[in-house]
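Visitor: Got a minute to walk me through this one? I'd like to start with a single loop residue and work outwards.
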Amino acid sequence: MVATEKGSRPPFARAFALRLALWYATLFVVGSIAIVLLTYVLTAASLAQRDQQVIRAKLGEYAAAYQRGGFDALADTVRAEQRTAPERLFVRVVDRGAEAIVLSQPEGWDPSALETASLRLWDGTLVQVGKSTEVREDLLARFRAALGLVTLSIVIIALSGGLLATRSAVQPIRRLTDTVRRIIQTGRTDARVPLAGSVGSPAANDAIDELTTLFNTMLDKIEGLVTAMRGALDNVAHDLRTPLTRLRASAEIALAAPPDLERYREALADAVEEADRVLVMLNTLMDISEAESGAMELRREPVRLREVVARAIDLYRDVAETRGVELAAGVSEDIVVTADRTRLEQVAANLIDNAVKYTPEGGRVDVDVRRERGRAVLRVRDTGSGIAAAELPRIWDRLFRGDASRTERGLGLGLSLVKAVVEAHGGTVDVASEPGRGSTFTVALPL
């Protein structure tokens with residue numbers, strides 16, 4: 001990828017900004033032109049209606065004058081109006097004999113530019129009144145010129161406003177792309193995109209700020225995953241180094257000593273033990289990865305939780321007695337779930353092993369199974385040392401071992417495997433703990 005110069009914008013950003021500005025300007029101009037055209041049409045219609053009203057009114061006046069005094073009164077009324085009226089009209093009378101008499105025809109009039117109306121009187125006489133449309137057309141022509149200037153101004157304002165609005169709208173996107181580019185170039189995930197609005201303001205609740213917040217949250221998660229991965233790799237390297245060092249030391253000691261078949265057997269036995277420890281760690285890590293990615297193959301079948309708990313307790317009964325810990329089961333009813341029996345036995349065994357391991361002599365571990373809120377619940381409660389509040393969110397992480405657990409031998413993978421397997425079955429696992437008062441692990445599975 002070719003990096004852009006500092007301060008320059010990538011082509012896609014310029015194209016997006018240009019498209020956005022053109023869309024804004026186009027919509028604004030089209031809407032404005034529609035309003036201008038509508039205004040012109042309504043104005044023209046209003047002027048035409050006014051002319052018709054004037055013509056109709058004059059027809060009424062001329063009809064009344066003719067009824068009062070006949071043709072002479074009508075002619076006198078027309079001549080009087082022609083001298084005083086601001087708008088001169090065309091007036092023609094057609095009598096019953098079809099003889100047309102023009103009472104008023106101003107000079108220079110274009111007959112094709114007349115708008116006329118007729119009225120037949122009581123004796124059959126036809127009175128026609130016409131009004132020139134030249135004044136109206138001149139007014140509309142000046143109005144069109146003014147609207148043209150207004151439209152040109154609207155186009156200029158739309159383009160300028162579109163550019164300014166687009167620049168302001170895409171600024172958060174530019175900050176987002178700059179941050180992504182900086183992360184790609186430097187590989188550092190600690191960069192964050194600043195929000196455009198302050199917290200609580202309306203600007204802080206728009207879609208761009210929501211996208212920015214989600215992007216920053218994604219970066220936080222990525223950074224957390226990278227940090228956790230680095231820590232996990234460090235822990236794996238540390239935990240692998242110990243058995244490999246022991247294996248190498250056993251081999252070196254056996255090779256350096258005088259030939260002795262029994263010594264060789266012991267060295268090989270130690271090597272097998274350490275190799276098994278490494279294999280257990282690697283297999284557990286693979287199981288966790290498969291469960292978390294959804295690739296774990298689960299052989300589902302009806303499983304009685306009573307049998308799972310009984311098998312796990314039998315497995316750790318001797319260990320509990322050796323440590324002076326009372327291990328008891330309280331299964332209130334026979335609950336059946338559809339699950340992988342082997343994986344559920346792993347879950348129960350890991351929880352009981354964890355409880356027995358961190359419960360001091362004279363303590364107690366209780367395991368019970370019951371139905372709660374339509375789910376099967378497996379609960380393991382101990383009276384051990386408990387877990388510090390600061391460590392509770394991390395106990396599910398791979399290879400994490402709290403301060404209290406470092407005195408006991410273990411890989412730090414048991415609880416991670418429990419969580420991964422339970423969630424692969426569509427269940428949930430939770431813990432409640434208080435230092436000095438023990439812990440309670442609760443597994444909920446769908447029935």
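Guide: Sure. Thr133 sits in the loop between S4 and H2. Keep in mind that this is a predicted model.

Visitor: Is Thr133 buried or exposed?
Guide: Thr133 has a relative accessibility of 13%, so it counts as buried. The cut-off for buried is under 20%.

Visitor: What is Thr133 in contact with, leaving aside its neighbours within four places in sequence?
Guide: Ala113 and Glu115.

Visitor: Now the strand before that loop. How many residues of S4 are buried?
Guide: Seven of the seven. S4 covers residues 126-132, and with that burial it is largely enclosed by the rest of the structure.

Visitor: Which residues point which way from S4?
Guide: Leu126, Gln128, Gly130 and Ser132 go one way. Val127, Val129 and Lys131 go the other way. All of them are buried, Lys131 included.

Visitor: Which strands does S4 pair with, and in what sense?
Guide: S1, residues 90-94, pairs with S4 in the antiparallel sense over five bridges. S3, residues 114-120, is also antiparallel to S4, over seven bridges.

Visitor: I want register markers. What stands opposite Gly130, and what is the bridge partner of Ser118?
Guide: Phe90 stands opposite Gly130 of S4. For Ser118, the bridge partner in S4 is Gln128.

Visitor: And the hairpin of S3 and S4? How many residues are between the strands?
Guide: Five. Gly124 in that hairpin has a positive phi near 95°.

Visitor: Where else is phi positive?
Guide: Gly426, which follows H7, has a positive phi near 80°. Arg373 has one too, about 55°, and it is not a glycine.

Visitor: Arg373 catches my eye. Where is it, and is it buried or exposed?
Guide: Arg373 lies in the loop between S8 and S9. Its relative accessible area is 85%, so it is exposed.

Visitor: What sheet do S8 and S9 belong to?
Guide: An open sheet of five strands, in the order S6-S8-S9-S11-S10. The pairing is mixed.

Visitor: Which strands stand at the edges?
Guide: S6 (326-331) and S10 (428-434). Each has a single partner strand, so one side of each has no neighbour in the sheet.

Visitor: How much are neighbouring strands turned against each other?
Guide: By 15° on average, direction ignored.

Visitor: In what sense do S6 and S8 pair?
Guide: Parallel, over six bridges; S8 spans residues 364-372. One marker for the register: Gly330 has Asp368 in S8 as its bridge partner.

Visitor: Which helix packs on the sheet?
Guide: H5, residues 305-323, does. H5 touches S6, S8 and S9 (375-382), and its direction makes about 170° with that of S6.

Visitor: Let's do H6. How many residues, and how far does it reach?
Guide: H6 runs over residues 341-357, which is 17 residues. From first C-alpha to last it reaches 24 Å, close to the 24 Å expected.

Visitor: What reaches the backbone at the start of H6?
Guide: A side-chain oxygen of Asp340 comes within 3.1 Å of the backbone nitrogen of Thr342.

Visitor: Is H6 largely enclosed or not?
Guide: Largely enclosed, because twelve of its 17 residues are buried. Among them are Leu344, Val347, Leu351 and Ile352, along with Arg343, Glu345 and Lys357.

Visitor: Which residues are buried in H7?
Guide: H7 covers residues 414-424. Its buried residues are Leu415, Ser416, Leu417, Val418, Ala420, Val421 and Val422.

Visitor: Switching to aromatics. How many aromatic pairs does the structure hold?
Guide: One. Tyr40 and Phe143 are stacked, 6.3 Å centre to centre with 10° between the planes.

Visitor: Where are Tyr40 and Phe143?
Guide: Tyr40 is in H1 (residues 11-84) and Phe143 is in H2 (residues 134-186). They are 103 residues apart, and the pair links distant parts of the chain. Phe143 is partly exposed, with a relative accessible area of 24%.

Visitor: Last one, the overall tally. How many helices and strands, and how much is buried?
Guide: Seven helices and eleven strands. Of the 447 residues, 38% count as buried. Among contacts between residues at least 6 apart in sequence, 65% join residues at least 24 apart.

Definitions and conventions: Residues are numbered from 1 along each chain as its sequence is written. This is a predicted model: local features need pLDDT of at least 70, side-chain atom pairs count only at pLDDT 80 or more; totals for chains, interfaces and linings use all residues. Side-chain values use heavy atoms; hydrogens and water are left out. Helices (H or I, at least four residues) and strands (E, at least two) are DSSP runs, numbered from the N terminus. The expected span of a helix is 1.5 Å times one less than its number of residues. Buried means under 20% relative accessible area, exposed over 50%, partly exposed in between (1.4 Å probe, protein chains only). A polar contact is a pair of N or O atoms within 3.5 Å; within protein, one must be able to donate a hydrogen and the other to accept it, and residues adjacent in sequence count only if both atoms are side-chain atoms. Rings of Phe, Tyr and Trp (its six-membered ring) pair if their centres lie within 6.5 Å; planes under 30 degrees apart count as stacked, over 60 as edge-to-face and the rest as tilted. Two strands pair if DSSP finds at least two bridges between them. Axes are lines fitted to C-alpha atoms, for helices over the stretch in contact, and angles run from 0 to 180 degrees between N-to-C directions. Contact means heavy atoms within 4.5 Å.
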